[in-house]
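Biologist: Please take a close look at a single part, a helix crossing, and give the cut-offs behind each term as you go.

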Number of protein chains: 2
Amino acid sequence: MNKLKNDLFLKACLKQKTERTPVWVMRQAGRYLPEYRAVRAKADFLTMCKTPELACEVTVQPVDLIGVDAAIIFSDILVIPEAMGMELIMEEGRGPVFPEPVRDSASAAKLKKVDPFKELNYVMEALRQTKTALDGRVPLIGFTGSPWTLLTYMVEGKGSKTFSVIKNFIYNQPKLAHELLTEISVVASAYLSAQIESGADAVQIFDTWGGILSPRDYNEFSLPYIEMVIEGVKRKKHPVIVFSKGAHFALKKLSKSGADVVGLDWTMDIKKVRKEIGSRVALQGNLDPTLLYASPERIKEEVKAVLKAYGKGTGHVFNLGHGIHPDTDPENLKAMVNFVKTESVKYHK
Amino acid sequence: MNKLKNDLFLKACLKQKTERTPVWVMRQAGRYLPEYRAVRAKADFLTMCKTPELACEVTVQPVDLIGVDAAIIFSDILVIPEAMGMELIMEEGRGPVFPEPVRDSASAAKLKKVDPFKELNYVMEALRQTKTALDGRVPLIGFTGSPWTLLTYMVEGKGSKTFSVIKNFIYNQPKLAHELLTEISVVASAYLSAQIESGADAVQIFDTWGGILSPRDYNEFSLPYIEMVIEGVKRKKHPVIVFSKGAHFALKKLSKSGADVVGLDWTMDIKKVRKEIGSRVALQGNLDPTLLYASPERIKEEVKAVLKAYGKGTGHVFNLGHGIHPDTDPENLKAMVNFVKTESVKYHK
C-alpha cells in the first residue's frame, strides 16, 4: 500500500486524533459532475462499471474537482446478483431491472457461487488502477450492498413503493429467505475481502432498504447478515462503515455489529446519536442532500449546525445523509467541502 | 349526535378506561375490498369523493364487513388544494397530478380562499349521510392532510422520489413557503371544524411527508403548522390524531402539539415511545401493513407482539403503521381485527 498523504478519513473512522473533520459524499462519482457525464456519454452505466479505465477515471474525478478526503470506487451494489447469474438491465432514468427475479426455490437454485477474482475481477482491476492513479493522495473505499438490500432487489426485480413482493417472500417463505441471505452474505464478505486485497483502504455496506422493515423483522432479516458479512471480511485495520438508511431504530445494534463507523441519514440527530453510541463507533453523515439546492450561505449555516451537533473531538466523517442528487450544482458541493475543512478545525483543538 | 353504541375508539383516544383495545385501519375503505371495487367500477375516484351517497357507502363497508371500531370518511387529502383552485387529475395507478403546480408568487396568488361549507360541502354532506347510516354503531373520523404534506403535493405537482422541487422551494423561497403554509393551515383548521360540525367524532391530520425533512426543517416547516391547525379547530371533546409518517425524531414534540393521539408507523418501537410520551398522549398503530400478506398464524403472533409492547391500560388505538395495501386479502384483515378484540381484553383488566 502506498503511504497515504491524507489519511484523515481513515483516522476519523478509527477515532484517532485528526486536525480537522474529513469529508466525502455518497455518489460523489456521479451525474452531477459534467466531467462524469462526458464519460457517461461514451458508455452506458454497466459498461462503465465493467471497464476499469473508465471506472478509475470517474472515481478520481471528485478528488481532483471537489477536493474530497476519500475516493469511493465507481460501481453498483447490483454487480453481486449479476455475478450470481441474474440478468441485469440498467436503463437511464428507469432504475435497474432483473427480468427474472428470484421468487421460489427453483429460481434460487439457479444462483451461482461467486469468486470475486473471477466474475467480479473488473472491480478488482478498477481498484488496482485507481490506487495507482490516486498515488496515495486519499484513501480508497470499496463497498457492497447489504444482504437484505440485495435480496430485496433480487426478489422484487425492480423498484417498488410498497415492497409487497419481498415482504410476501419473507413472511411466506422465510426458510428460503434465510438461505438466500446466508448465500449472499458469504459472497458479500468474500467480495469485500477481495476489494481490500485489491487496494481498498476501507469498505462500506449499503443497507439501502433496511428502513422498510419493522424493528423485529430488521433483527431477523437484515442485522444478522450485516454482522455475518463484517465477521467474514479479511482485514487488518481497514475500517468497515455500515449505512442502514431509515433504520433509526437499529443504531444501537449497528454500533455493536462489528462496524467501525455507522452512517446516519439526514433525519437522525447526530448529537443524540453520538451520546448513545459514539463511545463505540465513529459516525458518518448527515447533511440533507437536498440542502445543496440552497444558497452557499444556507449550506454553510447547515454545515456549521452538523459540525456543532457532533461536537468536539474525532470520530466524525462528514458526509451527506444520502447520495448526492444528479441535479446538484457542483459549485455548491465544493462550497460545502471547503467549509467543512475550515470550520471543523476548531472542533479538533 | 347519536348516542354511540361503541365508543371504545373515542375513549382510548382520550385515555379513558375501556374493556379492550379498539381497532381500525388506515385506508380501510379501499381497494382491497371487492365491495369497494364494485362501487369504484361505476365511478372514478374523484367522483366517488364528490358523490356523498357513494362516499357514504364505501365508508360504512369496513364497519359491516370487517368489524372495525371506527369509520373514517372516504375522501382524499388533496381535496383542499383542489378547493383552493388547483386542477387535480387522478388516474388509477398513476398517482395524483396537479398539472399547474405552485412554484412562485404568481402561481401562489391564484389560490382562492375556501369556505368548507361551499367548495367542500360534498365532504360535509357525505359525513352527514354517513352519520345517519352508521346510526351510532361506531364513531366517525374526519381528516385533513398536514399543511406541509399538502404544500409538498402542490409544489411538486406529482409524486417524487427525491422531493427536489419542494426542497428547492423551501430553501430558496422560504418566505413564500411560510405564507402558503399559513394559508393552508387556516383552510385545514376550518375544514376540520366543519367536519366536526357535520358529524365527525374525531379528526386525523395526515403528515404523510413529514419524514422527508431533517429535524431542523421539520421544526420550521411542518410542526408549527400542525400546531396551528390543531389550535384552530373548533371542538369539544373531539380527539385530534396526528400521524407524521417517518418522523421518528419528532414524536416528543408531537406529543406536545395539542394532539390527543400520536400515530406511529411500523418502524417505531411502541413500547419505547409509550415510555417517552405515553403519559401525555394516546398512541395509534403500528403493525406493518405488509404483515397482512402473512398467514393468519403469523398475523396473530405479530398482533400479540404489538399489544404486549404497548402493555397494560388504556391509550392504545390498534391500527396499521400505514394504509392497508390494495392487494391485501380482506380475510387476513378480519383475522387481525378479531384477534385484537379478543387478545387485548387481558390488557384492560
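Modeller: H14(A) passes H15(A) in a right-handed crossing, the near helix being turned clockwise from the far one by less than a right angle, where anticlockwise would be left-handed. This is a predicted model, in which local features need pLDDT of at least 70 and side-chain atom pairs count only at pLDDT 80 or more, while totals for chains, interfaces and linings use all residues. Residues are numbered from 1 along each chain as its sequence is written, and chains are lettered from A and ligands numbered from 1 in the order in which they are written.

H14 spans residues 270-277 of chain A and H15 residues 296-310 of chain A, helices being DSSP runs (H or I) of at least four residues, numbered from the N terminus. The two pack at an angle of about 20°, with axes 7 Å apart; axes are lines fitted to C-alpha atoms over the stretch in contact, and angles run from 0 to 180 degrees between N-to-C directions. That angle makes H14(A) roughly parallel to H15(A), a term for angles under 35 degrees. On the H14(A) side, Ile270(A), Lys271(A) and Arg274(A) make the contact, and on the H15(A) side Val306(A), Ala309(A) and Tyr310(A) do, contact being counted when C-beta atoms, placed from the backbone, lie within 7 Å. By class, this contact has 4 nonpolar, no polar and 2 charged residues, where Ala, Val, Leu, Ile, Met, Phe, Trp, Tyr, Cys and Pro count as nonpolar, Asp, Glu, Lys and Arg as charged, and the others, Gly among them, as polar.

H15 of chain A also has a place at the interface, being among the elements that give two or more residues to the side touching chain B, together with helix H9 (164-172) and helix H11 (215-221). H9(A) gives the most to that side, with 5 residues. In total, 25 residues of chain A are in contact with 25 residues of chain B, and those of chain A divide into 9 nonpolar, 10 polar and 6 charged.

As for how the copies are related, chain A can be laid on chain B with an RMSD of 0.0 Å by a turn of 180° and a shift of 0.0 Å along the axis, using least squares on C-alpha atoms of residues with pLDDT of at least 70 in both. That is the relation of a two-fold axis. In chain A, the C-alpha nearest the axis belongs to His248(A), 3.7 Å from it, and 100% of the contact residues of chain A recur in chain B, the same surface serving both copies.

Note on methods: Angles under 35 degrees count as roughly parallel, over 145 as roughly antiparallel, 65 to 115 as roughly perpendicular and the rest as oblique. Two residues are in contact if their C-beta atoms, placed from the backbone, lie within 7 Å.
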